[in-house]
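Here's a quick briefing to read alongside the model. Have the viewer open and click through the residues as they come up.

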Amino acid sequence: MALLDVITYGHPTLRKKAQPYGKNEIDTTFIKDMLETMYVKDGVGLAAPQVNISKQMLVCQDGEKEYILFNPKIIAHSEALYSNYEGCLSLPGLNAKVPRYEKVIVSALNQEGEEIEITAKGMLAVILQHEIDHLNGVLYIDRAELKTLSWTDAEFVAPELRGKMTDIDTLKTIFSEQNKDIKNLQFELIDYQ
Ligand code: ZN
């Protein structure tokens, strides 16, 4: 098993539409690496584009249950939107309130290449919407209430920043420095608000 490198805000792969998986492309080593990376980095979900693989695959966890999904799609959702704080391994140390559907039905292939359907509500519904957005080149900051964007109290966040509000311009500065060796950085937000 191997820990995969997670790319961060600005990296152009995060803005690409990921390619669908063929059933014979499902690779158990990659699945294990994705799961290990999610758990080690303390995430509740990870999408393949976040490890610079522009393919439609995600892993996530909800309590005890673990999901490994290929070509997932939201095929139905409830109407009302509810806002909760979300973070993202590609925007480490940050969170913001994001409106999401309370309930979604997702179709996907499982790791055996079988068609499955998941009816999700609450936290799992939020995670699935967040991770499926990654497969479409969408980040939570595109949908977030940006006035709630703030630093978390994670250990790697500078003590003087913890809990403080921030804004997209500040993030552009920080992540362009962090990603300075990567070509064609993309910081523009997609307007969903
Ligand atoms: Zn994310």
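Let's start close to the N terminus of the numbering: L3 sits in the segment before α1 (28–40). Keep in mind that this is a predicted model. From there we'll move on to the metal site, the pockets and the cores.

**Two residues ahead of α1**

- L3 is partly exposed, because its relative accessible area comes out at 46%.
- Not counting residues up to four places away in sequence, L3 touches E36, T37 and V40.
- The C-alpha atoms of L3 and S90 are 15 Å from each other, with the two positions 87 residues apart along the chain count.
- H11 also belongs to the segment before α1, but H11 counts as buried, at 9% relative accessibility.
- Once neighbours within four places in sequence are set aside, the contacts of H11 are N52, N179, I182 and L185.
- Take S90 as the reference again: its C-alpha atom is 9.3 Å from that of H11, and the two residues are 79 apart along the chain.

**The zinc site**

- Which atoms hold the zinc ion? They are SG of C88, NE2 of H130 and NE2 of H134, at 2.0 to 2.2 Å.
- Written as a sequence pattern, the donor residues are spaced C-x41-H-x3-H.
- C88 and H134 tie distant parts of the chain together: C88 is in strand β4 (residues 81–88), H134 is in helix α2 (residues 122–135), and they are 46 residues apart.
- Is C88 buried or exposed? With a relative accessibility of 10%, and the cut-off for buried being under 20%, C88 counts as buried.
- H134 is buried as well, with a relative accessible area of 1%.

**The largest pocket**

- The largest pocket holds about 660 Å³ of space.
- Its lining has 26 residues, and the closest to the centre are D42, G43, G87, C88 and L89; C88 is also one of the zinc donors.
- β4, β5 (91–101) and α2 each give at least two residues to this lining.
- By class, the lining of the largest pocket splits into 13 nonpolar, 9 polar and 4 charged residues.

**The second largest pocket**

- This one has a volume of about 400 Å³.
- Of the 19 residues in its lining, I74, R100, Y101, D133 and R143 lie nearest the centre.
- Here β3 (65–77), β5 and α2 each contribute at least two lining residues.
- The class breakdown for the second largest pocket is 9 nonpolar, 5 polar and 5 charged.

**Nonpolar cores**

- As background, nonpolar side chains tend to be buried together in soluble globular proteins.
- The largest nonpolar core has 19 residues, and those touching the most other members are Y9, L91, Y140, I141 and L171.
- β5, α3 (140–143), β8 (145–151) and α4 (168–178) each supply at least two residues of this core, with the largest share, 4 residues, coming from β5.
- What does L91 touch, leaving aside its neighbours within four places in sequence? The contacts of L91 are Y9, Y140, I141, L171 and F175.
- There's also a second, separate core of 18 residues, with L4, M34, V51 and I68 among them.

How values were computed. Residues numbered from 1 in each chain as written. Predicted model: local features only at pLDDT ≥ 70, side-chain atom pairs only at ≥ 80, totals over all residues. Heavy atoms only, no water. Donors = N, O, S within 2.8 Å, 3.2 Å for Na, K, Ca; no water. Buried < 20%, exposed > 50% of the residue type's maximum accessible area, 1.4 Å probe, protein only. 1 Å grid on protein atoms, 1.4 Å probe; cavity = no way out; pocket = protein on both sides within 12 Å on 5 of 7 lines; lining within 4 Å. Points joined across faces, edges and corners; volume = space filled by probe spheres on them. Nonpolar A, V, L, I, M, F, W, Y, C, P; charged D, E, K, R; others polar. Core = buried A, V, L, I, M, F, W, Y, C linked by side-chain atoms within 4.5 Å. Contact = heavy atoms within 4.5 Å.
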